[in-house]
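Good morning, everyone, and thank you for making the time. I would like to walk you through a structure that is new to most of us, going from the whole to some individual residues.

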Amino acid sequence: MRFPFLLAALACIAPMLAGAAERPNILLIVADDLGYSDLGAFGGEIETPNLDRLAESGLQLTSMYAAPTCSPTRAMLMSGTDNHLAGLGTMAEAIQPFQRGKPGYEGYLNPQAHSIAELLRDGGYHTSMVGKWHLGLAPEQGPDRRGFEQSFTLLDGGGVHFKPAPGSMARIEQVTYRENGRPVELPEDFYSTDFYTDKLLAYLKAGEGSGKPFFAYAAYTAPHWPLQAPETWIDKYRGRYDAGYDAVRLARIERMKAKGLLPADFQPAAPLPVTPQLPGWAQLDADRKRVEARKMEIYAAMVSHLDHNIGRLLDYLRDSGQLDDTLVVFMSDNGAAGERHEQFYPAGPGTDNSLENLGRRGSQVDYGLRWAEVSATPLRLFKGTTAEGGISVPAIVQLPTGLRRQGLERSVARVDDLAPTFLALAGLPDPGDSWKGQPKHPITGRSMLPMLEGRQDAEPVMAGELFGSRYYREGDLKLLGLVPWVKPGEAPPPLRWQLFDLSRDRGERQDLSAQQPETLERLKRAWQDYARRVGVVAPPMTAQTP
């Protein structure tokens, strides 16, 4: 039985019981659509010296998980509970008719969800965020209403990285920025990654000397579509990707093995078959190869530029003497993005996707499925799926000095584990099923502190679903049900169930469902129990024998 008055009292006195050194600052950095192996520390050829140094001085998490796409991940990050309970059972942009009006499918962070920003603010923290919110467009749904004292945010899921062109009717340029809930005018030299960093540094500097620790959330929109980079960075990787998809992917695998990220006998996921609609590098003519290489050059420039700005944040903390007392968490919000945005955001007047203009103002391109496979190396598939390439993300954690340790951490954690971890480090109690007299979904994530401190932790049990694709993980066993993503209103294809042992087959190559039918059925029942518990409203479909 819970005693709300006791929890409230503990929340009030916890800040007084803990000294400033015992209550660390928290800096949470989230990249948008960054693939598993893009960073240098994870085997990538992209230059990311600041994040690589952070990985060397802290913990490199090789088994960190998110939801298959951005807003469900952000709902779990903010609430500490399953996205189907927190209001993003699916993305707001993809709610289907049979899901409308159902609990957990509100399309925004619902009132029943806790907000880690509210809990930390009420526990004595300064709270600020910059970047992508994607948890509600209405004024009452913004970050300023969910616990952030200072915020400069893009409310939408994505858009141009430069200032939108005046009078443009292109959907890609219809974006909504707010500072503390109020409309803002962007400067002419606006570029998302630089501007978010400038704003967050200003917020942090304004809080110096207050005696309060801070919770700062940097929700960058790079390297999310559209591929656009600052002029001074756009040619940094000129010629680097001329060898094509397979050569870059194989080189990443070799570096991952050399770094100890993969065992020497690791079998990477098989790339998707070559078809006329999805050609391999050898099937492209010279002109198409130039375009494809250029797309990856721009993507890499965006990632390096993101790393540069993360370095600015870390330099500020180091120079101001705060880095040793700060928990730094970096992660991506989902796997690499292979979707074709032009299907939903057709090029409008003023769009210039010529080779010479790619990555500059007016261009509007993705890097496509084949480069997404490279970013997801060595895992299977990509964003939007519950395969490993869709939900496994690069992550780095640097603990405050007194708790700090270094190395590869292979234990399993997920994004909803961050909120309880922050509360534990801040010395704040679990709020339970209410907050300020209002009923709430309890935090269901588990604190990562035992794992981060090197103590023994329980084997993971976790489950998820999006767009009908689903998974259930028990220890190293993973039940996987994949369906291709379909447009709202389209009939779903059959569901195919598979079973994998991730301890030996993280590339998801060897389906064990035929050899272990009893395990398959047991985990399918476990997934159904999970779905009922959190209120999954998935499209009806029939199972297909693998």
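Let me begin with a definition, since I will lean on it throughout: a residue is called buried when its relative accessible area is under 20%, exposed when that area is over 50%, and partly exposed in between. Please also keep in mind that what you see is a predicted model.

With that cut-off in hand, take Asp476, whose relative accessible area is 32%, so that Asp476 counts as partly exposed. This residue sits in the loop that runs between strand E15, residues 469-474, and strand E16, residues 477-482. Its side chain makes a polar contact of 3.5 Å with the side chain of Arg473. If we set aside the neighbours within four places in sequence, Asp476 is in contact with Phe500, Asp501, Leu502 and Ser503. Asp476 and Glu459, which are 17 residues apart in sequence, have their C-alpha atoms 8.3 Å apart in space.

Now let me step back to the whole protein. It contains 13 helices and 18 strands. Its radius of gyration is 22 Å, close to the 24 Å that the globule rule gives for 546 residues, and therefore the protein is as compact as a globular protein of that length. Measured out along the principal axes, the C-alpha trace spans about 65 × 60 × 50 Å.

How much of this protein is buried? Of the 546 residues, 60% fall into the buried class. As for the contacts with a separation of 6 or more, 75% of them are between residues that stand 24 or more positions apart. The protein exposes about 21,500 Å², and carbon and sulfur atoms supply 54% of that area. Turning to charge, there are 59 positive and 67 negative side chains, and the centres of these two sets lie 2 Å apart.

From here I would like to look at some buried places, and the one I will take up now is Ser332, which lies in strand E8, residues 326-332. Ser332 has a relative accessible area of 0%, so it is buried. Its side chain reaches the backbone oxygen of Asn334 at 3.0 Å. Leaving aside the neighbours within four places in sequence, the residues in contact with Ser332 are Val30, Ala31, Asp33, Leu34, Ala66, Val393 and Pro394.

His305, by comparison of setting, belongs to a helix, namely H8, residues 286-319. With a relative accessible area of 1%, His305 is buried. Once its neighbours within four places in sequence are left out, His305 is in contact with Tyr191, Thr193, Asp194, Pro230 and Trp233.

Why can we call helix H11 largely enclosed by the rest of the structure? Because 8 of the 9 residues of H11, which covers residues 418-426, are buried. Those buried residues are Leu418, Ala419, Pro420, Thr421, Phe422, Leu423, Leu425 and Ala426. H11 is followed by Gly427, whose phi is positive, near 70 degrees.

That brings me to the backbone, where I have picked out some loop residues. Lys436 is a residue other than glycine with a positive phi, near 50 degrees, and it lies in the loop between strand E12, residues 434-435, and strand E13, residues 438-439. Glu508 is likewise not a glycine, and its phi is positive at about 50 degrees; Glu508 lies in the loop between strand E17, residues 495-501, and helix H13, residues 517-534.

Are these two residues buried or exposed? Lys436 counts as exposed, at 59% relative accessibility, whereas Glu508, with a relative accessible area of 5%, is buried.

Finally, there are cis peptide bonds to point out. One of them runs from Ala222 to Pro223, with omega near 0 degrees, and Pro223 is found in the loop between strand E7, residues 214-219, and helix H7, residues 245-258. Another runs from Thr377 to Pro378, with omega near 5 degrees, and Pro378 lies in the loop between helix H9, residues 368-375, and helix H10, residues 388-391.

Thank you for listening, and I am happy to go back to any of these places on the screen.

Definitions and conventions
Residues are numbered from 1 along each chain as its sequence is written. This is a predicted model: local features need pLDDT of at least 70, side-chain atom pairs count only at pLDDT 80 or more; totals for chains, interfaces and linings use all residues. Side-chain values use heavy atoms; hydrogens and water are left out. Helices (H or I, at least four residues) and strands (E, at least two) are DSSP runs, numbered from the N terminus. The radius of gyration is taken over C-alpha atoms; the globule rule is 2.2 Å times the number of residues to the power 0.38. Buried means under 20% relative accessible area, exposed over 50%, partly exposed in between (1.4 Å probe, protein chains only). Contact means heavy atoms within 4.5 Å. Accessible areas come from the Shrake-Rupley method with a 1.4 Å probe; for residues, only the protein chains shown count as cover. Lys and Arg count as positive and Asp and Glu as negative; His and the chain ends are not counted. The place of a charge is taken as NZ of Lys, CZ of Arg, CG of Asp or CD of Glu. A polar contact is a pair of N or O atoms within 3.5 Å; within protein, one must be able to donate a hydrogen and the other to accept it, and residues adjacent in sequence count only if both atoms are side-chain atoms.
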